[in-house]
Amino acid sequence: MSESKVHFFSSEPLVALLGNPNCGKTALFNLLTGSRQKVANYSGVTVERKEGRLTLESGKNIRILDLPGAYSLYPRSLDERVTCNVLLGRAEGEKRPDLVICVLSAMNLRRNLRLVLAAKRLGLPCIVVLNMLDIAKRQGLQIDTAALSNELGLPVLTSIGIQSDGANEIKQFLSALDWRNLNALRTGTSDATLENVASHIAHAESDNVQVQRILQNLKLDQIIPDHLSDRLDAVLLHPFFGPVILVALLFCIFQAVFSWATVPMDLIKSAIEYLGGQIVEVLPGGWLRSLIVNGILAGLGGVVIFLPQILILFFFILLLEESGYLPRAAYLLDRVMGSVGLSGRSFIPLLSSFACAIPGIMATRSISNARDRMVTILIAPMMTCSARLPVYALLISAFIPEQKLWAGIDLQGLVLFLLYLAGILGAMAVAWILQRITSEQFRMNALMMELPSYHLPRLGNLAISLWQRAEIFLRRVGGIILLMTVGLWALSSFPFPPEGATGSPIQYSFAGMLGQALAHVFSPIGFNWQISIALVPGMAAREVVVSSLATVYALSSSSVDAADALIPLISSGWSLATALSLLAWFVFAPQCLSTIAAVKRETGGWKIPVIMLSYLFCLAYIASFITYHIASALGLG
Amino acid sequence: MNLDQVDLGSLYRVSEVNAPKGAPQIKGQLEDIGFLPGEQVAVLRKGLLGKGPYMVRVGASTFALRQSEARMIVVESYTNV
């Protein structure tokens, strides 16, 4: 699907919000634009572009652009490069902003002011907004905005990003502004070039001297201790209790993801089945009905059904992010991740991948180190995504006896846990190997991660972010999955079985032929031809494997409980060694096609997805081979 | 003295940043987040056994740094400046 540029009100003035990470810029953006936001990609790069509209009192509309947070205007990460390009007027399909609003955290003037000085050099009309004044006041910090305005030669406004009327002063200022003549707000020379910006290094020290002078003049040249955060950190980052709390928290989140999601997931499932049933009644049998029910509806259902889990997981991730805990979790995990050559920053994308690898892969954008990002993308599919659960559930209930082990732990649950663990350990092993084989130069990965003060999350901001995640997931993934499912439906439906055929129709289709050819490849790891055929549609989305098996075994695939009907069939038909081998296969199995599509988008080429596909295939094959042969040798064949 | 050798919780000032030859870009990165000459800096917390990552307050913000990064930052005691 195309989602290149958004030009929905392009004639209006463009105002860009510029600021350090953690300066409260996005909260301010939400206050200014409310629900009238659009998220898209910058053309050519995968950095998200957030744009919204503000209607002024006069009825005039202006476009507000939330630039990715930047520590300086010397671009180091993809995010920062985009910010620079937009400010220089080099972003494809976007005009140079008419006005830049520099957002400063009142708590952190020192570093933030350096960015203002760099922004002034760009020659764009600038105003300054002091954010988080409420917290500063509470900590006894008095900032003389008039004096600061004098020092900078720019208007200085104030805002409180967490109050619903916190942006009123900015709105009033923008209303009173003469938009046809913004030259009064232009302080630098207007011949900004990349060379000027790149000479940032030369400016860094002189800017610093200037900032120190400003802070001294304003009598703000002392550190304000952050008592609340320090007290919380004493517990949350405690060498022993910190990790214990983190593990407990993660456990609770996983519990919530899987237990809270059951009800909405069941609802979605029955809604889709009901809809399918209705269509079956209305439409005559034939390929059209099959296309709508087994292709389109099944495809959409396959995506939408994971939405509750993804939303619940993202709710917690966003909650932790807004509160300031998430970077601390990364801090706690940096040692563990560092031992396999990653940094704590990879933790968040990998955590998201447990719901689905696609949002996880999209979350790697925050990793500035290119090598770290690639490794994280490569191992993300090994985190057990929720699409694998139906397959695990089917095989475990068919083959693993319900049996209590010691201390109330039951065997089935233990096997499920081991499968998750195998994925994590496999991912760590791959990361470790990749660290060994990449050259020394790329191994130099930095952490340098800001640990912002703790904040109470604001529900409004949370709701806006959550809505955006849902929209992005459905829009980006929906189209791809739909296309794939319809394609695989065609493969599984054509050609029709010959007259008087006895087996199930899929056996005679292209997918069946492919599956039977694949059976030669898979027989050494104990897969029969039925499994091999089911693996073909399973490439679109893994949970389809269960319904495909049902089809291959000539059960009616529209029957509500395909899994229940399958259990006796496969538990009598397959050996335990085959079942264990299939479980091992799904721990590493080459990921679904939509993940591959997402990886291609995010890495900008086919190289990484091809590497990913091949190594996961090999890994899955080897793991299944070993599992099958050990199990057979133990007499489980 | 380098930032990885300082006393926990005491205040220092940054005097210079030395990036290793193999990765000169790190100097700029550290400067961007505030490790500039004259800045006030304190190590608030270290990981188990005194290893990284360190929790470092520079100016008014807090960063997690690895031990190797902390080693690049030369500091002097606060009163000498």
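# A tour of the predicted model

Let's begin with strand S1 of chain A, which runs parallel to S4(A) and is joined to it by four bridges. What you have open is a predicted model, so treat each stop as a look at a prediction.

**Stop 1: strand S1 of chain A**

Select residues 14-19 of chain A, which make up S1. Six of the six residues in this strand are buried, so expect to hide a good deal around it. Turn on the side chains and check which way they go: A:Leu14, A:Ala16 and A:Leu18 point one way, while A:Val15, A:Leu17 and A:Gly19 point the other. In a regular strand, side chains alternate between the two faces of the sheet.

Now add S5(A), residues 99-105, which also runs parallel to S1(A) and is joined to it by five bridges. A:Leu17 is a handy residue to centre on. Opposite A:Leu17 stands A:Asp66 in S4(A), and A:Leu17 also stands opposite A:Ile101 in S5(A).

**Stop 2: from A:Asp66 to A:Lys25**

Stay with A:Asp66 and bring up A:Lys25. Their side chains meet in a salt bridge, 2.8 Å from N to O. What does the pair tie together? A:Asp66 belongs to strand S4 (residues 61-66) of chain A and A:Lys25 to helix H1 (residues 25-33) of chain A, so the link joins parts that are 41 residues apart in sequence. Both A:Asp66 and A:Lys25 are buried.

**Stop 3: a charged residue without a salt bridge**

Next, select A:Glu12, in the segment before S1 of chain A. Is A:Glu12 buried or exposed? It is buried, yet it has no salt bridge. The nearest side chain of opposite charge belongs to A:Arg53, 4.6 Å away. Leaving aside residues up to four places away in sequence, A:Glu12 touches A:Asn61, A:Ile62, A:Arg63 and A:Lys95.

**Stop 4: more salt bridges**

Across all chains, the count of salt bridges comes to 17. One of them joins A:Glu51 to A:Arg49, with the closest N and O atoms 3.1 Å apart. Both of these residues are buried.

For another, go to A:Arg138 and A:Asp134, where the closest N and O atoms are 4.0 Å apart. These two sit four residues apart in helix H4 (residues 133-138) of chain A, so about one helical turn separates them. Colour the pair by accessibility and you'll see a contrast: A:Arg138 is exposed, with a relative accessible area of 65%, whereas A:Asp134 counts as buried at 15%. Then return to A:Glu51 and A:Arg49 and add A:Arg63: salt bridges that share partners join these residues into one network.

**Stop 5: helix H27 of chain A**

Jump along the chain to residues 593-603, helix H27 of chain A. Eight of its 11 residues are buried, so the helix is largely enclosed by the rest of the structure. Which residues of H27(A) are buried? They are A:Ser594, A:Thr595, A:Ile596, A:Ala597, A:Ala598, A:Val599, A:Glu602 and A:Thr603. Just after the helix, pick A:Gly604, which takes a positive phi of about 70°.

**Stop 6: a patch on the surface**

Switch to a surface view and select A:Ile622, A:Phe625, A:Ile626, A:Ile630, A:Leu634 and A:Leu636. Together they form a nonpolar patch with about 560 Å² of accessible area. A:Ile622 lies in helix H28 (residues 607-633) of chain A.

**Stop 7: a sheet shared by two chains**

Bring chain B into view. Six strands form an open, antiparallel sheet in the order S8(A)-S4(B)-S3(B)-S2(B)-S1(B)-S5(B). Strand S8 (449-450) of chain A and strand S5 (73-77) of chain B stand at the edges; each has a single partner strand, so one side of each is left without a neighbour in the sheet. Strands of a sheet pair through backbone hydrogen bonds.

Within the sheet, look at S3 (residues 54-58) and S4 (residues 61-65) of chain B, which run antiparallel and are joined by five bridges. Centre on B:Val56 and you'll find B:Phe63 of S4(B) standing opposite.

**Last stop: zoom out on chain A**

Show chain A as a cartoon and you have 28 helices and eight strands. Of its 637 residues, 54% are buried. Chain A exposes about 27200 Å², and carbon and sulfur atoms supply 64% of that area. Among contacts in chain A between residues at least 6 apart in sequence, 73% join residues at least 24 apart.

Notes: Residues numbered from 1 in each chain as written. Chains lettered and ligands numbered in written order. Predicted model: local features only at pLDDT ≥ 70, side-chain atom pairs only at ≥ 80, totals over all residues. Heavy atoms only, no water. Pairing = 2+ DSSP bridges. Buried < 20%, exposed > 50% of the residue type's maximum accessible area, 1.4 Å probe, protein only. Contact = heavy atoms within 4.5 Å. Areas by Shrake-Rupley, 256 points an atom, 1.4 Å probe, with all protein chains shown as cover. Lys, Arg positive; Asp, Glu negative; His and termini not counted. Patch = residues over 30% accessible without salt bridge, like charges linked within 9 Å, V, L, I, M, F, W, Y side chains within 5 Å.
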